[in-house]
Protein chains: 2
Amino acid sequence: MRYSIGQVAKKTGLTAHTLRYYEKEGLLPFVQKTGSGLRVFSDTDIGWLEMIECLKGVGMSLKDIKQYIDWFREGDETLLQRLEMFQQQRAHLENQMEQLNKYMAKINYKIHLYTEAVRLGSLEKAHQNKELQAEQQRVYGDMF
Amino acid sequence: MRYSIGQVAKKTGLTAHTLRYYEKEGLLPFVQKTGSGLRVFSDTDIGWLEMIECLKGVGMSLKDIKQYIDWFREGDETLLQRLEMFQQQRAHLENQMEQLNKYMAKINYKIHLYTEAVRLGSLEKAHQNKELQAEQQRVYGDMF
DNA sequence: TCTTGACTTAGAGTTAACTCTAAAGATTAC
DNA sequence: GTAATCTTTAGAGTTAACTCTAAGTCAAGA
């Protein structure tokens with residue numbers, strides 16, 4: 001299948017502006033153009049965009065994503081660099097997920113606390129609830 | 001305990017510049033100053049910084065974090081707003097974690113693929129491995 | 001006391017990642 | 001065929017979150 005920039009924008013949730021910007025930054029080196037200069041995206045290009053979304057979601061900068069794409073274009077000489085990059089990103093992702101679990105515990109505590117506070121009409125009173133105090137100890141303490 | 005800005009910087013991994021910036025943006029309204037103007041951080045302030053780190057980590061902007069702090073300062077009239085904010089952030093965090101799990105599957109597949117590719121000296125050959133093709137199907141397909 | 005290093009301020013500068021503009025050309029629906 | 005819509009370009013502008021500078025003040029150790 002072939003897609004115009006607008007169709008890809010709809011499909012991916014990015015704007016046409018952003019897609020052009022990505023291309024300018026070297027992130028979409030495989031997009032074709034018609035004789036009159038219009039971009040034509042293939043399913044392969046959509047696949048690259050999904051990979052870019054993944055790497056961005058893991059916290060990579062566009063610059064580093066471009067590095068990966070450049071390595072890909074250089075061929076099998078850069079297989080090891082690419083493997084190492086993915087290993088680094090996995091390690092990074094593991095840390096990230098661990099962090100998010102901690103944040104979740106903290107936010108769950110806040111939800112308990114504020115649910116009780118809303119019920120009682122007072123944060124101070126909610127804070128005196130023994131059960132919540134115990135949970136706060138577990139999550140690691142504060143009062144905000 | 002009381003801490004200078006430099007001690008807090010070390011403790012939190014933020015720079016003194018960043019701490020001053022946070023204060024300027026209204027995120028640290030409880031930090032005291034000495035007669036001569038030096039900042040004095042308390043354990044309560046450290047607690048706030050941990051909360052800010054958490055909310056930032058969940059994806060909130062400094063502006064929205066300030067909103068929460070302002071609500072806190074307004075007292076029990078804003079309990080419901082704060083509860084709703086935390087509920088929204090929990091929902092957001094759940095989506096985020098789900099996304100990260102998908103990214104992890106994708107990256108694990110890449111690591112398998114590239115480990116095999118490095119062994120064979122060719123991405124093309126690794127790609128022909130039946131087991132990897134099956135994994136790719138499960139993860140959702142591409143070839144980059 | 002002197003020196004060294006930490007701290008103060010206002011305000012300017014930086015970076016990443018968009019985001020928009022304007023003017024013109026291309027394509028589609030009727 | 002023509003109106004409406006989409007796409008093109010180069011380049012300027014925006015936003016969030018820092019990051020740094022300069023010129024001076026403060027505090028602790030030898």
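**Two protein chains and two DNA strands**

The count of salt bridges between chain B and chain A is zero. This is a predicted model, and the interface of the two protein chains is a suitable place to begin reading it. Across that interface, eight residue pairs are found in polar contact, with both residues of each pair at pLDDT 80 or more. The elements of chain B that each give two or more residues to the side touching chain A are α3 (43-57), α4 (62-74) and α5 (79-120). Of these, α5(B) gives the most, with 26 residues. By class, the side of chain B that touches chain A holds 24 nonpolar, 12 polar and eight charged residues.

The extent of the interface can be stated in two ways. As a count of residues, 44 residues of chain B are in contact with 44 residues of chain A. The size of an interface is often given as the accessible area lost when the parts come together. On that basis, chain B and chain A bury about 4200 Å² between them, and 75% of this area lies on carbon and sulfur atoms.

The protein also meets DNA, and strand D may be taken before strand C. There are 17 residues around DNA strand D, and those that come nearest are S4(A), R20(A), K33(A), R39(A) and Y22(B). Among the atoms of DNA strand D within 4 Å of the protein, 70% belong to sugar or phosphate, and the rest belong to bases. Several polar contacts with the phosphates can be located in the model. In chain A, an N or O atom in the side chain of K33(A) is 2.7 Å from a phosphate oxygen of DNA strand D, and a polar side-chain atom of R20(A) lies 3.1 Å from a phosphate oxygen of that strand. From chain B, Y22(B) places a polar side-chain atom 2.8 Å from a phosphate oxygen of DNA strand D. The elements that give two or more residues to the surface near DNA strand D are α1 (5-12) of chain A and α2 (16-24) of chain B. Here α2(B) gives the most, with four residues. The surface near DNA strand D consists of six nonpolar, seven polar and four charged residues.

DNA strand C is likewise surrounded by 17 residues, of which Y22(A), S4(B), G6(B), K33(B) and R39(B) come nearest. Sugar and phosphate make up 70% of the atoms of DNA strand C that come within 4 Å of the protein. The side chain of Y22(A) has an N or O atom 2.7 Å from a phosphate oxygen of DNA strand C. A backbone atom takes part as well: a polar backbone atom of G6(B) is 2.8 Å from a phosphate oxygen of DNA strand C. S36(A) has a polar side-chain atom 3.0 Å from a sugar or linking oxygen of DNA strand C. At least two residues of the surface near DNA strand C come from each of α2 (16-24) of chain A and α1 (5-12) of chain B, and α2(A) gives the most, with four residues. That surface divides into six nonpolar, seven polar and four charged residues.

Attention may now turn to individual positions within the chains. In chain B, F41(B) belongs to strand β3 and counts as buried because its relative accessible area is 0%. Leaving aside residues up to four places away in sequence, F41(B) touches M1(B), R2(B), Y3(B), S4(B), I5(B), V8(B), L28(B), V31(B) and L49(B). The C-alpha atoms of F41(B) and M85(B), 44 residues apart along the chain, are separated by 27 Å. S42(B) is also found in strand β3 (residues 39-42) of chain B. With a relative accessibility of 18%, S42(B) counts as buried. Beyond residues up to four places away in sequence, S42(B) touches M1(B) and Y3(B).

In chain A, two charged residues of helix α5 merit inspection. K106(A) lies in helix α5 (residues 79-120) and is buried, with a relative accessible area of 9%. The C-alpha atoms of K106(A) and Q136(A) are separated by 8.4 Å, although the two residues are 30 apart along the chain. E116(A), in helix α5 of chain A, counts as buried at 16% relative accessibility. A polar contact of 2.8 Å joins the side chains of E116(A) and R119(A). Apart from neighbours within four places in sequence, E116(A) is in contact with A126(A), N129(A) and L132(A).

Technical notes:
Residues numbered from 1 in each chain as written. Chains lettered and ligands numbered in written order. Heavy atoms only, no water. Near = heavy atom within 4 Å. Polar contact = N/O pair within 3.5 Å; in protein donor to acceptor, adjacent residues only side chain to side chain. Contact = heavy atoms within 4.5 Å. Buried area = accessible area lost by both parts, 1.4 Å probe. Salt bridge = Lys/Arg side-chain N within 4 Å of Asp/Glu carboxyl O. Buried < 20%, exposed > 50% of the residue type's maximum accessible area, 1.4 Å probe, protein only.
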